[in-house]
Amino acid sequence: MLDELRQFAADDRAIEGLPIRLVIALVVGVATLSVMLNMLSGVQGLAVTELDVKPDPDVMTPGEQDISILVVDPDGDPVEGATVVVKDGTADIESVVTNKTSEGGIATVTVAPKLRSNQEDGTLVIDVKPPAGSQFVDRRENTKILVVES
């Protein structure tokens, strides 16, 4: 036992390798933390805020109709200059429809939704492209427009 302790005390390889391993672990840890912080929203720009939409009507029947879509920030204030995109969900429209919001945050689009055969209801999807140069984002799913057979 005493000989093993003397042999262990004389072996300085473990002592040499230990600091290198700590440095490598520290560098990898800092790099990983940096990547994770960059992935989190709001770390690089603290004023990033999510947009939401309020369609009117939010329930409609098949056929051509106008929809007024209000784009708001988290405080409920209207957002001017955002691009509203309405597209197929489980209900169909001829093509994707877009329009920019006015000073009051409202974009009006005309759509003619159709339901598929043997379908009683469906949805249209609304996406928002925030105004250029703003601190707004649209990452969460927005309110969908429900299309029901009358």
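**View 1. Strands E8 and E10 lie side by side in an antiparallel pair.** Four bridges join strand E8, residues 121-129, to strand E10, residues 145-148. To find your way in, look for Asp-121, whose bridge partner in E10 is Val-148. Please keep in mind throughout that this is a predicted model.

**View 2. Five strands form an open sheet.** Reading across the sheet, the order is E3-E10-E8-E5-E6, and the pairing is mixed. Which strands sit at the edges? They are strand E3 (59-60) and strand E6 (97-100), each of which pairs on one side only. The pair from the opening view, E8 and E10, belongs to this sheet as well.

**View 3. Strand E5 pairs with both E6 and E8.** With E6, strand E5 pairs in the antiparallel sense over four bridges. Here you can pick out Thr-83, which stands opposite Lys-100 in E6. With E8, the sense is again antiparallel, and six bridges make up the pairing. A good landmark on this side is Val-84, found opposite Val-128 in E8.

**View 4. A salt bridge links strands E8 and E5 through Asp-127 and Lys-87.** The closest N and O atoms of Asp-127 and Lys-87 are 2.7 Å apart. This pair links distant parts of the chain: Asp-127 is in strand E8, Lys-87 is in strand E5 (residues 83-88), and 40 residues separate them. Are these two residues buried or partly exposed? Asp-127 has a relative accessible area of 28%, so Asp-127 is partly exposed. Lys-87 is partly exposed too, because its relative accessible area is 31%. The structure holds four salt bridges, and the next two views show others among them.

**View 5. Asp-92 and Arg-116 join two loops by a salt bridge.** Their side chains meet with an N to O distance of 2.8 Å. Asp-92 is in the loop between E5 and E6, while Arg-116 is in the loop between strand E7 (106-111) and E8. The two residues are 24 residues apart, and the pair links distant parts of the chain. With 23% relative accessibility, Asp-92 counts as partly exposed. Arg-116, at a relative accessible area of 39%, is also partly exposed.

**View 6. Lys-114 and Glu-94 form another salt bridge.** Their closest N and O atoms are 3.9 Å apart. Lys-114 lies in the loop between E7 and E8 and Glu-94 in the loop between E5 and E6, so this pair ties together parts that are 20 residues apart in sequence. How accessible is each partner? Lys-114 has a relative accessible area of 44% and is partly exposed. Glu-94 reaches 74%, so this residue is exposed.

**View 7. Strand E4 pairs with E2 and with E7.** Strand E2 (residues 52-56) and strand E4 (residues 65-72) run antiparallel and pair over five bridges. On the E2 side, the bridge partner of Pro-55 is Ile-69 in E4. Now follow Ile-69 to E7, where this residue stands opposite Ala-107. E4 and E7 pair over six bridges, again in the antiparallel sense. Ile-69 is therefore a handy residue to centre this view on, with Pro-55 as its partner in one pairing and Ala-107 opposite it in the other.

**View 8. Three nonpolar residues make a surface patch.** Ile-20, Ile-24 and Val-28 together form a nonpolar patch of about 290 Å². To locate the patch, begin with Ile-20, which lies in helix H2, residues 13-39. Is Ile-20 buried or exposed? Its relative accessibility is 52%, so Ile-20 counts as exposed.

**View 9. The whole chain brings the close-ups together.** The secondary structure comes to two helices and 10 strands. From the N terminus on, the elements run α-α-β-β-β-β-β-β-β-β-β-β. The chain has 150 residues, of which 27% count as buried. Its accessible surface comes to about 10,100 Å², and carbon and sulfur atoms account for 56% of that area. Among contacts with a separation of 6 or more, 57% are between residues 24 or more positions apart.

Conventions. Residues numbered from 1 in each chain as written. Predicted model: local features only at pLDDT ≥ 70, side-chain atom pairs only at ≥ 80, totals over all residues. Heavy atoms only, no water. Pairing = 2+ DSSP bridges. Patch = residues over 30% accessible without salt bridge, like charges linked within 9 Å, V, L, I, M, F, W, Y side chains within 5 Å. Areas by Shrake-Rupley, 256 points an atom, 1.4 Å probe, with all protein chains shown as cover. Buried < 20%, exposed > 50% of the residue type's maximum accessible area, 1.4 Å probe, protein only. Contact = heavy atoms within 4.5 Å.
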